[in-house]
Amino acid sequence: MTTTRRLGSIDEISFSAVLSDLDGVVYRGEEAVPGAVDRFKRWQVSGIPYCFVTNNAEKSASAFAEKLRGLGIDCGRDRVVTSGDVALNYLQSQFEPGHGVYVIGSQSLKNRVAELGYRLVDGHAAAVLVALDRNFDYAMMKTALSNVLDGARLIGTNPDPIRPIAGGFEPSAGAITHSIAVSSGAIPVFLGKPEPEILRAAMHRTGISASDAIMLGDKLDTDIPAGQRAGVTSIFVETGVPLDARSTVKPEYILASL
Ligand SMILES: [Mg+2]
(Lines give C-alpha, C1' and ligand atoms only; values in the text may rest on other atoms or scores of the structure.)
Protein backbone atom coordinates (compact mmCIF):
# COMPACT_ATOMS: atom_id res chain seq x y z
CA MET A 1 0.00 0.00 0.00
CA THR A 2 1.24 3.46 -0.88
CA THR A 3 2.15 5.77 1.97
CA THR A 4 1.78 9.44 1.28
CA ARG A 5 4.61 11.83 2.10
CA ARG A 6 4.18 15.60 2.29
CA LEU A 7 6.84 17.58 0.44
CA GLY A 8 7.91 21.10 1.40
CA SER A 9 9.16 21.62 -2.16
CA ILE A 10 9.12 19.63 -5.36
CA ASP A 11 12.92 19.94 -5.33
CA GLU A 12 13.03 17.30 -2.57
CA ILE A 13 12.50 14.49 -5.09
CA SER A 14 14.33 13.62 -8.29
CA PHE A 15 12.71 13.11 -11.68
CA SER A 16 13.59 13.92 -15.26
CA ALA A 17 10.22 14.49 -16.92
CA VAL A 18 6.89 16.01 -15.95
CA LEU A 19 3.32 15.15 -16.85
CA SER A 20 0.84 17.68 -15.54
CA ASP A 21 -2.84 18.42 -15.32
CA LEU A 22 -3.91 21.97 -16.27
CA ASP A 23 -7.04 23.14 -14.40
CA GLY A 24 -6.22 23.65 -10.74
CA VAL A 25 -2.49 23.00 -11.23
CA VAL A 26 -1.32 25.52 -13.85
CA TYR A 27 -4.32 27.83 -13.91
CA ARG A 28 -7.78 28.29 -12.53
CA GLY A 29 -10.03 29.78 -15.20
CA GLU A 30 -7.95 32.50 -16.82
CA GLU A 31 -5.72 33.06 -13.78
CA ALA A 32 -2.36 31.35 -13.37
CA VAL A 33 -1.91 29.36 -10.16
CA PRO A 34 0.79 31.20 -8.14
CA GLY A 35 4.24 29.66 -8.63
CA ALA A 36 3.22 27.30 -11.43
CA VAL A 37 4.40 29.35 -14.40
CA ASP A 38 7.81 30.04 -12.81
CA ARG A 39 8.23 26.36 -12.06
CA PHE A 40 7.58 25.31 -15.68
CA LYS A 41 9.91 28.08 -16.90
CA ARG A 42 12.66 26.65 -14.69
CA TRP A 43 12.04 23.14 -16.02
CA GLN A 44 12.22 24.50 -19.56
CA VAL A 45 15.60 26.15 -18.82
CA SER A 46 17.01 23.01 -17.19
CA GLY A 47 15.88 20.78 -20.05
CA ILE A 48 13.24 18.78 -18.17
CA PRO A 49 10.58 17.82 -20.73
CA TYR A 50 6.95 18.34 -19.81
CA CYS A 51 3.62 17.45 -21.35
CA PHE A 52 0.15 18.50 -20.22
CA VAL A 53 -2.73 16.04 -19.95
CA THR A 54 -6.18 17.52 -19.49
CA ASN A 55 -9.64 16.02 -19.23
CA ASN A 56 -10.99 19.25 -20.69
CA ALA A 57 -12.09 18.52 -24.28
CA GLU A 58 -13.62 21.91 -24.98
CA LYS A 59 -10.59 23.14 -26.87
CA SER A 60 -8.00 21.59 -29.15
CA ALA A 61 -4.45 20.88 -28.00
CA SER A 62 -3.22 23.85 -30.04
CA ALA A 63 -5.71 26.18 -28.31
CA PHE A 64 -4.50 25.00 -24.89
CA ALA A 65 -0.87 25.44 -25.99
CA GLU A 66 -1.69 28.99 -27.04
CA LYS A 67 -3.29 29.68 -23.64
CA LEU A 68 -0.18 28.33 -21.90
CA ARG A 69 2.11 30.48 -24.04
CA GLY A 70 -0.07 33.45 -23.09
CA LEU A 71 0.70 32.69 -19.44
CA GLY A 72 4.43 32.55 -20.23
CA ILE A 73 4.97 28.77 -20.50
CA ASP A 74 6.84 27.57 -23.58
CA CYS A 75 4.48 25.01 -25.13
CA GLY A 76 3.72 23.65 -28.60
CA ARG A 77 0.58 21.74 -29.56
CA ASP A 78 2.47 18.45 -29.34
CA ARG A 79 2.92 19.10 -25.59
CA VAL A 80 -0.80 18.89 -24.77
CA VAL A 81 -3.03 15.79 -24.87
CA THR A 82 -6.74 16.26 -24.17
CA SER A 83 -9.42 13.73 -23.28
CA GLY A 84 -10.91 14.70 -26.66
CA ASP A 85 -7.76 13.39 -28.36
CA VAL A 86 -7.97 9.99 -26.64
CA ALA A 87 -11.76 9.83 -27.16
CA LEU A 88 -11.27 10.41 -30.89
CA ASN A 89 -8.54 7.72 -30.93
CA TYR A 90 -11.04 5.37 -29.29
CA LEU A 91 -13.75 6.32 -31.79
CA GLN A 92 -11.35 5.54 -34.65
CA SER A 93 -10.44 2.19 -33.09
CA GLN A 94 -14.12 1.20 -32.92
CA PHE A 95 -15.84 2.73 -35.95
CA GLU A 96 -14.83 3.19 -39.57
CA PRO A 97 -15.13 6.71 -41.02
CA GLY A 98 -18.57 7.29 -42.55
CA HIS A 99 -20.42 6.21 -39.42
CA GLY A 100 -22.79 8.71 -37.80
CA VAL A 101 -21.88 10.26 -34.45
CA TYR A 102 -24.13 12.37 -32.24
CA VAL A 103 -21.81 14.82 -30.46
CA ILE A 104 -22.60 16.76 -27.31
CA GLY A 105 -19.67 19.14 -26.94
CA SER A 106 -17.97 22.22 -28.31
CA GLN A 107 -17.93 23.24 -31.97
CA SER A 108 -14.19 22.53 -31.91
CA LEU A 109 -14.84 18.90 -30.93
CA LYS A 110 -17.61 18.53 -33.55
CA ASN A 111 -15.25 19.86 -36.23
CA ARG A 112 -12.59 17.35 -35.27
CA VAL A 113 -15.08 14.46 -35.40
CA ALA A 114 -16.15 15.60 -38.88
CA GLU A 115 -12.51 15.99 -39.99
CA LEU A 116 -11.95 12.30 -39.18
CA GLY A 117 -14.63 11.39 -41.72
CA TYR A 118 -17.61 10.78 -39.44
CA ARG A 119 -21.05 12.19 -40.15
CA LEU A 120 -22.47 14.50 -37.49
CA VAL A 121 -26.01 13.18 -37.03
CA ASP A 122 -28.97 13.50 -34.66
CA GLY A 123 -30.38 10.02 -35.35
CA HIS A 124 -29.14 6.52 -36.31
CA ALA A 125 -25.77 7.27 -34.71
CA ALA A 126 -23.21 4.51 -34.15
CA ALA A 127 -21.90 6.46 -31.17
CA VAL A 128 -22.96 9.25 -28.84
CA LEU A 129 -19.85 11.23 -27.89
CA VAL A 130 -20.28 13.41 -24.81
CA ALA A 131 -18.00 16.22 -23.63
CA LEU A 132 -18.65 19.40 -21.65
CA ASP A 133 -21.32 21.45 -23.42
CA ARG A 134 -22.73 24.51 -21.63
CA ASN A 135 -25.69 24.51 -24.01
CA PHE A 136 -26.67 20.99 -22.94
CA ASP A 137 -30.43 20.78 -22.39
CA TYR A 138 -33.35 18.36 -22.12
CA ALA A 139 -33.81 18.06 -25.90
CA MET A 140 -30.16 17.02 -26.32
CA MET A 141 -30.48 14.53 -23.48
CA LYS A 142 -33.55 13.08 -25.22
CA THR A 143 -31.74 12.84 -28.58
CA ALA A 144 -28.80 11.11 -26.91
CA LEU A 145 -31.16 8.75 -25.09
CA SER A 146 -32.95 7.78 -28.32
CA ASN A 147 -29.67 7.01 -30.05
CA VAL A 148 -28.38 4.92 -27.14
CA LEU A 149 -31.67 3.00 -26.91
CA ASP A 150 -31.30 2.32 -30.66
CA GLY A 151 -27.89 0.78 -30.00
CA ALA A 152 -25.40 3.65 -30.16
CA ARG A 153 -22.29 3.33 -27.96
CA LEU A 154 -22.20 5.93 -25.18
CA ILE A 155 -18.71 7.46 -24.99
CA GLY A 156 -17.68 10.13 -22.48
CA THR A 157 -14.50 12.16 -22.99
CA ASN A 158 -14.01 12.18 -19.21
CA PRO A 159 -15.87 11.11 -16.06
CA ASP A 160 -15.35 14.34 -14.05
CA PRO A 161 -18.56 15.46 -12.32
CA ILE A 162 -17.13 18.87 -11.39
CA ARG A 163 -14.38 21.28 -12.40
CA PRO A 164 -12.81 24.27 -10.67
CA ILE A 165 -13.29 27.67 -12.25
CA ALA A 166 -12.33 31.15 -11.08
CA GLY A 167 -14.25 31.73 -7.84
CA GLY A 168 -15.92 28.31 -7.62
CA PHE A 169 -16.96 25.23 -9.53
CA GLU A 170 -19.14 24.15 -12.46
CA PRO A 171 -20.68 20.80 -13.49
CA SER A 172 -18.37 18.93 -15.87
CA ALA A 173 -18.77 16.46 -18.72
CA GLY A 174 -19.16 13.42 -16.47
CA ALA A 175 -22.35 14.85 -14.99
CA ILE A 176 -23.83 15.16 -18.50
CA THR A 177 -22.74 11.65 -19.56
CA HIS A 178 -24.11 10.15 -16.36
CA SER A 179 -27.50 11.79 -16.92
CA ILE A 180 -27.74 9.92 -20.25
CA ALA A 181 -26.42 6.73 -18.66
CA VAL A 182 -28.99 6.91 -15.88
CA SER A 183 -31.92 7.42 -18.26
CA SER A 184 -30.79 4.82 -20.81
CA GLY A 185 -29.32 2.22 -18.48
CA ALA A 186 -26.22 2.10 -20.68
CA ILE A 187 -22.75 1.85 -19.17
CA PRO A 188 -20.62 4.61 -20.69
CA VAL A 189 -17.07 4.13 -21.93
CA PHE A 190 -14.97 6.90 -20.39
CA LEU A 191 -11.65 8.06 -21.79
CA GLY A 192 -9.42 10.67 -20.14
CA LYS A 193 -8.11 10.32 -16.57
CA PRO A 194 -8.34 8.12 -14.42
CA GLU A 195 -7.80 5.82 -17.41
CA PRO A 196 -4.05 5.71 -18.12
CA GLU A 197 -4.29 5.99 -21.94
CA ILE A 198 -4.04 9.79 -21.94
CA LEU A 199 -0.76 9.62 -20.00
CA ARG A 200 0.55 6.84 -22.23
CA ALA A 201 -0.30 8.95 -25.30
CA ALA A 202 1.59 11.90 -23.78
CA MET A 203 4.64 9.75 -22.93
CA HIS A 204 4.66 8.10 -26.34
CA ARG A 205 4.49 11.43 -28.10
CA THR A 206 7.21 13.12 -26.07
CA GLY A 207 9.53 10.17 -25.53
CA ILE A 208 9.06 10.34 -21.75
CA SER A 209 9.34 7.02 -19.89
CA ALA A 210 7.12 6.30 -16.89
CA SER A 211 9.99 5.53 -14.52
CA ASP A 212 11.52 9.00 -15.08
CA ALA A 213 8.31 10.99 -14.77
CA ILE A 214 6.07 12.57 -12.19
CA MET A 215 2.36 13.26 -12.64
CA LEU A 216 1.06 16.52 -11.10
CA GLY A 217 -2.65 16.73 -10.41
CA ASP A 218 -5.28 18.31 -8.17
CA LYS A 219 -7.89 15.54 -8.35
CA LEU A 220 -7.58 12.40 -6.26
CA ASP A 221 -10.18 10.53 -8.29
CA THR A 222 -8.70 11.17 -11.75
CA ASP A 223 -5.14 12.54 -11.88
CA ILE A 224 -3.63 10.37 -9.17
CA PRO A 225 -5.02 6.96 -10.27
CA ALA A 226 -4.18 7.79 -13.90
CA GLY A 227 -0.57 8.35 -12.83
CA GLN A 228 -0.49 5.20 -10.74
CA ARG A 229 -2.01 3.02 -13.48
CA ALA A 230 0.52 4.39 -15.97
CA GLY A 231 3.38 3.63 -13.56
CA VAL A 232 4.23 7.29 -12.93
CA THR A 233 4.99 8.79 -9.48
CA SER A 234 1.92 10.83 -8.60
CA ILE A 235 1.93 14.14 -6.75
CA PHE A 236 -1.23 15.75 -5.41
CA VAL A 237 -0.94 19.55 -5.63
CA GLU A 238 -3.28 21.40 -3.28
CA THR A 239 -4.03 24.35 -5.54
CA GLY A 240 -7.26 23.09 -7.11
CA VAL A 241 -10.02 20.77 -5.91
CA PRO A 242 -9.80 20.34 -2.09
CA LEU A 243 -8.31 17.06 -0.81
CA ASP A 244 -11.06 14.59 0.04
CA ALA A 245 -9.90 13.02 3.32
CA ARG A 246 -12.36 10.14 2.89
CA SER A 247 -10.82 9.08 -0.42
CA THR A 248 -9.05 5.74 -0.50
CA VAL A 249 -6.70 7.01 -3.24
CA LYS A 250 -3.22 7.61 -1.83
CA PRO A 251 -0.85 9.75 -3.88
CA GLU A 252 2.87 9.12 -3.36
CA TYR A 253 3.35 12.79 -2.43
CA ILE A 254 1.35 15.86 -1.44
CA LEU A 255 2.58 19.36 -2.22
CA ALA A 256 0.99 22.66 -1.13
CA SER A 257 2.02 24.41 -4.36
CA LEU A 258 4.58 24.29 -7.14
MG1 LIG B 1 -7.41 19.62 -12.41
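**A walk from the sheet to the core**

Let's start inside, with strand 15 (residues 233–237): four of its five residues are buried, so to speak tucked under cover for most of the strand's length. Keep in mind as you look around that this is a predicted model.

Strand 15 belongs to an open sheet of seven strands, and if you read across that sheet the order is 1-16-15-14-2-5-6, with parallel pairing. In general, strands of a sheet are held to each other by backbone hydrogen bonds, in either a parallel or an antiparallel arrangement. Now step from strand 15 to strand 14: these two pair in the parallel sense, over four bridges. One spot to click on is leucine 216, which stands opposite isoleucine 235 in strand 15. Leucine 216 is also handy for the next step, since this strand 14 residue is the bridge partner of serine 20. That takes you to strand 2 (residues 17–20), which is joined to strand 14 (residues 213–217) by four bridges, again with the two running parallel.

What about the ends of the sheet? Which strands stand at the edges? They are strand 1 (5–7) and strand 6 (80–82). Each has a single partner strand, so one side of each is left without a neighbour in the sheet. Neighbouring strands here don't line up exactly: on average they are turned by 25° against each other, direction ignored.

Zoom out to the whole chain. The domain assignment gives domain 1 (5–55 + 193–255) and domain 2 (97–190). Taken over C-alpha atoms, the centres of the two are separated by 27 Å. They do meet: twelve residues of domain 1 are in contact with seven residues of domain 2. What classes of residue does domain 1 bring to the side that touches domain 2? There are six charged and five polar residues, plus one nonpolar residue.

Finally, have a look at the largest nonpolar core, a set of 74 residues in which Val128, Leu129 and Leu199 touch the most other members. Helix 3 (residues 83–94) supplies the largest share of this core, with five residues. Why does the core lie between domain 1 and domain 2? Because both domains give residues to it.

Leucine 129 is a good residue to centre your view on. Setting aside its neighbours within four places in sequence, leucine 129 is in contact with Ala87, Leu91, Val101, Val103, Gly105, Val113 and Ile155.

How values were computed
Residues are numbered from 1 along each chain as its sequence is written. This is a predicted model: local features need pLDDT of at least 70, side-chain atom pairs count only at pLDDT 80 or more; totals for chains, interfaces and linings use all residues. A nonpolar core is a set of buried Ala, Val, Leu, Ile, Met, Phe, Trp, Tyr and Cys residues joined through C-beta atoms within 7 Å. A residue is buried if 20 or more other C-beta atoms lie within 10 Å of its own, exposed if 12 or fewer, and partly exposed in between; C-beta atoms are placed from the backbone. Domain bounds come from an automatic or database domain assignment. Two residues are in contact if their C-beta atoms, placed from the backbone, lie within 7 Å. Ala, Val, Leu, Ile, Met, Phe, Trp, Tyr, Cys and Pro count as nonpolar, Asp, Glu, Lys and Arg as charged, and the others, Gly among them, as polar. Two strands pair if DSSP finds at least two bridges between them. Axes are lines fitted to C-alpha atoms, for helices over the stretch in contact, and angles run from 0 to 180 degrees between N-to-C directions.
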